[in-house]
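Reader: Please walk me through this model. I want to learn how to read its main features.

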Amino acid sequence: MTALLEVEDLSVAYGAIEAVRNISFTVDEGQIVCLIGANGAGKTTTLRTISGLLRPRAGDIRFRGQSITALPAHSILSGGIAHSPEGRRVFARMTVEENLLLGAYTRTDQAGIAADIRRVCELFPVLGERRNQKAGLFSGGEQQMLAIGRAMMSRPRLLMLDEPSMGLSPIMTQLIFDTIRELQQQETTILLVEQNALAALALADHAYVVDLGQTTLSGPGHDLLADERVRAAYLGQG
């Protein structure tokens, strides 16, 4: 497979606190790749750095073979990487449609934008049914759908999802994970950060365990599901 994203020896610090230490991983075209680990392991910081919201202290990030480490966030978005952040962060006082349009702010192709709004509403019918309602009236699961849909509006080659199941019911969590699989089938590559390690590893083509800002284990998702160290540390088994 061809590497779509390559993260090499990435280090990121908040002042004197080093949150990510020499982390390295790759995301191949067409894959679902998952980062799992305890809270504070550096997973969210890694995604924020890839999307240009943070600057690394050291290391390199390459997308489609080109370094994007020094690019501003809007250029990274325009280049094909979209980020659905932890906590959803939809604009509560804006409607579904207005939130989706914000996801397409780097685009000028009005017909294509309209077609992609229809696509998102087909993927998440509740968004279509409530297209003119304010996002603040939605449940957590519905807001997560909107956050993913908003990220899809830039037509990304790589979609990064940070904790998409956080705070959701088991039924809604399953719906979100089914949607992630459907997006992969529609040729979107996914980089997933997820506390629900069991569901994430079952879904992932490849996964990395992140501990104290470093990758400590990696392999196919089903292999890590069977790894005794992973089962003991993250699945409550062993």
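**Salt bridges, sheet and cores**

Author: Start with one residue in this predicted model. E8 is partly exposed, and its relative accessible area is 36%.

Reader: Which side chain does E8 meet in a salt bridge?

Author: The general idea first. Side chains of opposite charge can pair when their charged atoms come close. Here E8 meets R62, with N to O at 2.9 Å. This pair links distant parts of the chain. E8 lies in strand β1 (residues 3-14) and R62 in strand β4, 54 residues apart.

Reader: How many salt bridges does the structure hold?

Author: The count is 10. Another one joins the side chains of D109 and R107, again listed at 2.9 Å, N to O. Read the burial of each partner. D109 is partly exposed, with a relative accessible area of 32%. R107 is buried, at 13%.

Reader: What about R130: which residue is its salt-bridge partner?

Author: The partner is E142, and the closest N and O atoms are 3.0 Å apart. R130 sits in the loop between α5 (125-129) and α6, while E142 belongs to helix α6, 12 residues apart. Both residues, R130 and E142, are buried.

Reader: Which residues are joined into one network by salt bridges that share partners?

Author: E6, E8, D60 and R62.

Reader: Now the sheet. In what order do the strands lie?

Author: Strands of a sheet pair through backbone hydrogen bonds, either parallel or antiparallel. In this case 4 strands form an open sheet, ordered β2-β1-β4-β5, with antiparallel pairing. β2 (17-28) and β5 (66-67) are at the edges. Each has a single partner strand, so one side of each lacks a neighbour in the sheet.

Reader: How many bridges join β4 to β5?

Author: There are 2 between β4 (residues 58-63) and β5, and the two strands run antiparallel. F63 stands opposite Q66 in β5.

Reader: And the interior: how many residues make up the largest nonpolar core?

Author: It has 47 residues. Look for the members that touch the most others: I36, L127, I148, L159, I180, I190 and L192. Helix α6 (residues 140-152) supplies the largest share of this core, 6 residues.

Reader: Take L192. What is it in contact with, beyond its neighbours within four places in sequence?

Author: Its contacts are V33, C34, L35, L161, P164, F177, I180, A200 and L203. A second, separate core has 26 residues, among them L4, A41, I61 and I68.

Terms used:
Residues numbered from 1 in each chain as written. Predicted model: local features only at pLDDT ≥ 70, side-chain atom pairs only at ≥ 80, totals over all residues. Heavy atoms only, no water. Pairing = 2+ DSSP bridges. Core = buried A, V, L, I, M, F, W, Y, C linked by side-chain atoms within 4.5 Å. Buried < 20%, exposed > 50% of the residue type's maximum accessible area, 1.4 Å probe, protein only. Contact = heavy atoms within 4.5 Å. Salt bridge = Lys/Arg side-chain N within 4 Å of Asp/Glu carboxyl O.
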